[in-house]
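Hi,

Here is the structure I promised to pass on. Have a look at it first, and my notes on the ligand site and the cavities follow below.

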Amino acid sequence: MRKSAGVSRIPIRLGRSQYGEDVGFDLAADAAHIAMQGKTRSGKSQATYNVLAQAAANAAVRVVGSDPTHVLLEPFKHRGVSEPYVVSGLNAQATVDMLGWVKRESDRRIDQMWPLRTDKFSEFGASFPLILVVLEEFPGILEGAADEDAALGRKPAERLAPRISAYVRQIAAQSAKAGIRLLLLSQRAEASIIGGNARSNFGVKMTLRVDEPESVRMLHPSASPEDCALVETFKPGTCLFEKPGEGRQIMRCDFVGEYGRYARAIESSDLRFLATLQQDQAQREFFAEEFGVVDPS
Ligand SMILES: Nc1ncnc2c1ncn2[C@@H]1O[C@H](COP(=O)(O)OP(=O)(O)OP(=O)(O)O)[C@@H](O)[C@H]1O
């Protein structure tokens, strides 16, 4: 496996703490999956646009995922370098295919760890990108798949909802060291969505306003009753935030503006991608192989 001289830091700025300090995390260095919860109008879209616009602008990050809303990931389908593993709308089979590809890529990378005498990948570039797997409204993805399984009378072995859950559990447990990160979004975290073991693999945790103390404790097990009561009163954009090695804090997410701005940011970040493609033959081959749109010669 070829590895480009890549970046080992992919900082994502989220906003400011209640003490005015910059708050964010590092997609590469923190090596953590990300869970974000928040009910409607809590500011979850703004927070997500912010994360994805920064990720998209970095040629060392490849964004894939499943988006039943047709909104969040739509710009990734319409960029110059279109991403085939972005699933738009409720499409259980396409979601299984996307997660299956992520799992195979993870396995392929893990197989390379011993030959390279490494226990994790921490440097990324266009020819060896960090893969960010976005699961928008993950409970809705699972429910949609379960409804389809029931409507089509699928036998247990053929059901897609359990396969989606299993892939997400496996990727959560195994793939961070392979340079793969999950960004799991939901209105509220529930035990039925991600079980306890898988949940412990999510190191970056963001809770915007939710009304149920159980949901707060689901992501922040040590939250006090006072913390939970406070979360219920959060204004849009205010968030309980945790990341590896740092305690819980209250922060205010950056406001990035209306959807059109976000969509244009993703589209124009293609210029960065295309510029990188000009620079490196290995990158050209990677994109030719993956997307079939660039002449590898
Ligand atoms: N960080 C922020 N700072 C200030 N205001 C914010 C912030 N985030 C969101 N808002 C305000 O809250 C409104 C709702 O935000 P947003 O659309 O992100 O919420 P949401 O949780 O995704 O809601 P929905 O599920 O309805 O889309 C925004 O239009 C804006 O007015």
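Let's start at the ligand: 14 residues surround it, and R41, S42, S45, Q46 and C253 come nearest (a residue is near a molecule if one of its heavy atoms lies within 4 Å of it). Before going on, keep in mind that this is a predicted model, where local features need pLDDT of at least 70, side-chain atom pairs count only at pLDDT 80 or more, and totals for chains, interfaces and linings use all residues. Residues are numbered from 1 along each chain as its sequence is written, and side-chain values use heavy atoms, with hydrogens and water left out.

By type, the shell around the ligand splits into 3 nonpolar, 6 polar and 5 charged residues. (Ala, Val, Leu, Ile, Met, Phe, Trp, Tyr, Cys and Pro count as nonpolar, Asp, Glu, Lys and Arg as charged, and the others, Gly among them, as polar.) Two elements, α1 (44-56) and β10 (246-253), each put at least two residues into this shell, and α1 has the largest share with 3 residues. Helices here are DSSP runs of H or I with at least four residues, strands are runs of E with at least two, and both are numbered from the N terminus.

Now the polar contacts, meaning pairs of N or O atoms within 3.5 Å. A polar backbone atom of Q46 is 2.9 Å from an oxygen atom of the ligand, and a polar backbone atom of K39 is 3.4 Å from a ligand oxygen. On the side-chain side, R252 has a polar atom 3.4 Å from a nitrogen atom of the ligand. The ligand exposes 620 Å² when taken alone, and the protein buries 70% of that (Shrake-Rupley areas, 1.4 Å probe).

Where does the ligand sit? The space it takes is the largest pocket, as more than half of its atoms must lie within 2 Å of the grid points for that to count. A pocket is an open set of points on a 1 Å grid over the protein atoms alone, with protein on both sides within 12 Å along at least five of seven lines; a cavity is a set where a 1.4 Å probe fits but cannot get out, and lining residues have an atom within 4 Å of a point.

This pocket holds about 500 Å³. Its lining has 23 residues, with R41, G43, K44, S45 and Q46 nearest the centre, and α1 gives the most, 5 residues. The lining divides into 7 nonpolar, 9 polar and 7 charged residues.

Finally, there are 2 cavities of 30 Å³ or more. The second largest has a volume of about 50 Å³, and A35, M36, Q37, L184, S186, A189, I194 and L219 line it. β3 (33-37) and β7 (180-186) each give two or more of those residues, with β3 giving the most at 3.

Cheers

Note on methods: Points joined across faces, edges and corners; volume = space filled by probe spheres on them. Polar contact = N/O pair within 3.5 Å; in protein donor to acceptor, adjacent residues only side chain to side chain.
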